[in-house]
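Notebook open, model loaded. I'll start with confidence, then go to the sheet, then to a pocket.

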Amino acid sequence: MLAVGMSGERPRQGMLDTNILILRRWIDPGELPDEMAISAITLAELSAGPHEVRRGAEQGSYNEHAERARRLDVLQRAESEFDPVPFDAEAARIYGRVTAAVIASGRKPRRRVADLMIASTAIAERLPLFTTNPDDFAGLEALVSIVPVTRREVPHER
């Protein structure tokens with residue numbers, strides 16, 4: 001279920017997937033809701049991000065220090081701007097239905113735990129989920145409104 005109404009307007013409220021925060025400066029603000037929320041799971045993913053940066057030879061051709069600083073910046077901005085919605089008992093119960101829907105669609109939920117927990121939180125809060133990766137939520141269309149956001153080309157920083 002896509003969360004764009006018959007008039008073509010985006011929902012006024014919504015939960016942001018982690019990728020929205022990571023790519024936010026390259027996303028058109030007009031594609032996002034006026035009232036935005038994030039899940040505590042998103043904050044967890046952002047908190048882990050700086051620790052997942054590998055040395056240049058392991059990760060690729062980018063500067064590991066600059067990448068770690070960029071990830072810390074995203075985390076700090078999220079912490080200052082949002083009060084994350086907790087993954088509570090209601091979201092935990094919904095997670096079972098979300099897992100069942102993913103399995104029914106022929107997909108494996110194990111690799112998608114964080115995404116599925118974010119979706120469960122959005123369902124519990126009755127919010128559409130804004131993401132640049134709508135395919136990550138395939139099979140959940142009957143449970144949550146997924147709002148695709150355009151993923152623009154991201155220039156490499158040096």
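Confidence first: pLDDT is the predictor's confidence in each residue, from 0 to 100. I looked up the chain mean for this predicted model and got 85, with 86% of the residues at 70 or more. Ground rules I noted: local features need pLDDT of at least 70, side-chain atom pairs count only at 80 or more, and totals for chains, interfaces and linings use all residues. Numbering runs from 1 along each chain as its sequence is written, and side-chain values use heavy atoms, with hydrogens and water left out.

Where is confidence lowest, and where highest? Helix H3 (residues 56–59) is the low point at a mean of 54, and E3 is the high point at 97. My helices (H or I, at least four residues) and strands (E, at least two) are DSSP runs, numbered from the N terminus. Residues 1–7 stay under 50, and the model gives them 14 contacts beyond four places in sequence (contact: heavy atoms within 4.5 Å). Note to self: where pLDDT is low, the predicted coordinates should not be read in detail.

Next, the sheet. I find four strands in an open sheet, ordered E2-E1-E3-E4, with parallel pairing (two strands pair if DSSP finds at least two bridges between them). E2 (35–37) and E4 (146–148) are at the edges with a single partner strand each, so one side of each has no neighbour in the sheet. I checked E1 (residues 13–16) against E3 (residues 129–131): they pair in the parallel sense over two bridges. Met15 has Leu129 in E3 as its bridge partner.

Last, a pocket lining. I sorted the lining of the second largest pocket by class and got five nonpolar, no polar and seven charged residues (nonpolar: Ala, Val, Leu, Ile, Met, Phe, Trp, Tyr, Cys and Pro; charged: Asp, Glu, Lys and Arg; polar: the others, Gly among them). For this I took a pocket on a 1 Å grid over the protein atoms alone, as an open set of points where a 1.4 Å probe fits, with protein on both sides within 12 Å along at least five of seven lines; lining residues have an atom within 4 Å of a point. H4 gives the most to this lining, six residues.
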